[in-house]
Amino acid sequence: MSAIGNSAASRDKAFILHPYTNLHAHETQGPLIIERGEGVRVFDDSGKAYIEGMASLWCVSLGWGEERLVQAAAKQMRTLSSYHIFGHKSHEPGIDLAEKLIELAPVPMSKVFFANSGSEANDTAVKLIWYYNNALGRPEKKKILARVRGYHGVTVATASLTGLPNNHRDFDLPIARISHADCPHHYRNAQPGESEEAFATRLADQLEAQILAEGPETVAAMFCEPVMGAGGVVVPPATYYEKIQAVLKKYDVLLVADEVICGFGRTGHFWGSQTMGMQPDILTCAKQLSSGYLPISAVMVSDAIYRACVDESKKIGTFGHGYTYSAHPVAAAVALETLAIYEERGVLNHVRDVAPLFQRRLRALADHPLVGEARGVGLIGALELVADKTSKTPFDPVGRAGAVVNGLTQDNGLIVRAMGDSIALCPPLVIGEADLNELFDRLTTALDAAIPVLRG
Ligand code: PMP
């Protein structure tokens, strides 16, 4: 221990391989150690408070220290602390949660499969799609589409679906049978003068051309986040989903709504699918399902998909997929309590009450000299930093401006997330107006402080 030192920071550097971290920079920079949380704030080990403008990683919807969730976990721990649902076993928390999710689904859904993370839920969706098409006797219909800048996880299959270079580079990904459609980001990808609607039409036409080039008999499904999160918070243009869904239907391509960020009120409707007008065949969710207090995720499937899987299982036997902790009873109990709190406290109505202030203050920052675009919906948004507002020219190198603003907001007692040069905001759903105003005041101070650093 003596060579390493006793501080938490030095032991962190000695022992943790950090996820999603610049490993080389971490060896000198070290960690910010967060010790506790209360409401919409977290506190580091020196006692400094931060407004958590990202709800941890887009998940702590109810804020920190929600005693009812603590109690729900403790109670379940005492009753049945762990059990599985393989081989015809089951338990009440899992059953109750499945029933509740089917009741809440944005379109009629038949069954719920439980996993522990967004990645596992999406990975399961990929496997279900393949299983389904084998069941239907069309083994060639297996290709899956996702989108450039889409984010669906980091397992081998879901990292392949993710359309971000760092998730592929040096990991030998993507795997075969996965390809990416264009990103529906009007600000970056529309042609000069192209309206949102014309842009949406062009993207739908391109999607059709892509499906035809692949061979429609080989294309099984398309994964879409209703609002793209980790790719920089992209709200697709008006009519986009209407138009791409017509294309998918035409070629019998399933739509998977990845609601891992959007689910449970984030965009101002209970599901992002409702905000964006999507009718998915499969829906995946996680994160805010348990307010991020315990790892749990879910995959909901349509009756057609479920029935085909049952028929296949009748032929071949056991459906050979499942996780030890699928429907973990403690995680399920916490998720059920989270859903009960959403209802009892009218969390969705609260989001609708405060979202106009959030969006107004976000969009006011579009006038800031460093900001090219302010975008978002509900209680999610992003600012894209640019070197030149008129030409939309990014800073060079890409990512530095994001890192500078990220550092300055942290100094200012606010946690945001830089994705390249887009600064994302996704505060706890329960945030009040005073804290929202403080969040934006701190962000504005950080942006002002970044001007001399980036332009100096
Ligand atoms: N899908 C989306 C839309 C996500 O935002 C994320 C995580 N940020 C995932 C999937 C993967 O979830 P996890 O990190 O829990 O595996």
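Start by colouring the protein chain by domain: the assignment gives domain 1 as 32-65 plus 346-455, and domain 2 as 69-344. Domain 1 is therefore written as two segments, with domain 2 listed as a single range. Place a centroid on the C-alpha atoms of each domain, and the two centres come out 26 Å apart.

Next, select the contact between the domains. Domain 1 puts 26 residues into this contact, and domain 2 puts in 22 residues. Stay on the domain 1 side and pick out the elements that give two or more residues to it: H3, helix H15 (347-364), strand E11 (371-377), strand E12 (380-385) and strand E15 (422-425). Show H15 on its own for a moment; five residues come from this helix, the largest share of the domain 1 side. Now colour that side by residue class, which gives 15 nonpolar, seven polar and four charged residues.

Before going further, colour by confidence. This is a predicted model, and the protein chain has an average pLDDT of 97, with 99% of the residues scoring at least 70. For the complex, the predictor reports an ipTM of 0.99 and a pTM of 0.98.

Now move to the ligand and display what is around it. The surrounding residues number 16, and the closest are Ser117, Gly118, Ser119, Gly153 and Val260. Which helices each supply at least two residues of this shell? Select helix H3 (55-58) and helix H6 (118-135) to see them. H6 gives the most, with three residues. H3 is worth keeping in view, as this helix is also among the elements that give two or more residues to the domain 1 side of the domain contact. Colour the ligand shell by class as before: seven residues are nonpolar, seven are polar and two are charged.

For the last stop, select strands E1, E2, E3 and E13. They form an open sheet of four strands, in the order E1-E2-E3-E13, and the pairing is mixed. Which strands stand at the edges? They are strand E1 (34-38) and strand E13 (414-415); each has a single partner strand, so one side of each has no neighbour in the sheet. In general, strands of a sheet pair through backbone hydrogen bonds, either parallel or antiparallel. Zoom in on strand E3 (residues 49-52) and E13: the two run parallel and are joined by two bridges. To finish, label isoleucine 51 and, opposite this residue, leucine 414 in E13.

Definitions and conventions
Residues numbered from 1 in each chain as written. Predicted model: local features only at pLDDT ≥ 70, side-chain atom pairs only at ≥ 80, totals over all residues. pLDDT = per-residue confidence, 0-100. Near = placed C-beta within 6 Å. Nonpolar A, V, L, I, M, F, W, Y, C, P; charged D, E, K, R; others polar. Pairing = 2+ DSSP bridges. Contact = placed C-beta atoms within 7 Å.
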